[in-house]
Amino acid sequence: MRRVTSRQAVRRGAGAMLVAGVASTTLTGCFYFSDPTTDMQYVAADGNIATVGSVKITNVLVVSAGKGQKGSMQGLATNNGTSPAKLVVTPQGGSATTITIPALQSVRLDGKPSGDGTATVPPVQVAATPVAPGEQLPVTFATADGGSKQVSVPVVLDQAPYGSATADHPGSRTDESKPSAEGH
């Protein structure tokens, strides 16, 4: 059996500490080359977002029964300015709709009252949606203080949770596979 002197033990311990130090520095170095995920902006909703001047648009989408069908825009427009803002909404292939958003308030683009105020605007409609549900519709949003911005807005099918249509499956029937109370 070979004896280890205290000097050799110290060298081995120092070597192990050096290896551990280099390994931990190498592993934590990834932190310096990666963007912090808390600084990345992402859309945590079905709709899209945009900021045009003092107006922030959130969760904007179009609800439609299909390509060529009427569409209804949904989302929230918030005026962060201290005076009323006019927002012009122009979907590709459609006509422009101008809405006025009171200062420091939010309005729903579907015309219903928002949760933080009583201000409403006329609903923003698309006469004939030029794309099918599941595709993106280019929509231009414009304000006097922010110019204009084109945003890809998702088109969703007119059903829950956004639409009002219910699913109708031709040829479907009530569930006859369950045995009746009589045991048949």
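Two strands are said to pair if DSSP finds at least two bridges between them. Helices (H or I, at least four residues) and strands (E, at least two) are DSSP runs, numbered from the N terminus. The model is predicted: local features need pLDDT of at least 70, side-chain atom pairs count only at pLDDT 80 or more, and totals for chains, interfaces and linings use all residues. Residues are numbered from 1 along each chain as its sequence is written, and side-chain values use heavy atoms, with hydrogens and water left out.

**Exercise 1.** Determine in which sense strands β1 and β2 pair, and describe their hairpin.

*Solution.* Step 1: locate β1 at residues 48–52 and β2 at residues 55–64. Step 2: four bridges join these strands, in the antiparallel sense. Step 3: within the pairing, Ile 57 of β2 is the residue opposite Ala 50. Step 4: two residues lie between the strands of this hairpin, where Gly 53 adopts a positive phi near 60°.

**Exercise 2.** State how many helices and strands the protein chain has, and their order.

*Solution.* Step 1: the count is two helices and nine strands. Step 2: along the sequence the pattern reads α-α-β-β-β-β-β-β-β-β-β.

**Exercise 3.** Identify which elements have the lowest and the highest mean pLDDT (the predictor's confidence in each residue, from 0 to 100).

*Solution.* Step 1: the protein chain averages 81, and 65% of the residues score at least 70. Step 2: helix α1 (residues 6–28) has the lowest mean, 61, whereas strand β8 (residues 136–143) has the highest, 97. Step 3: where pLDDT is low, predicted coordinates should not be read in detail.
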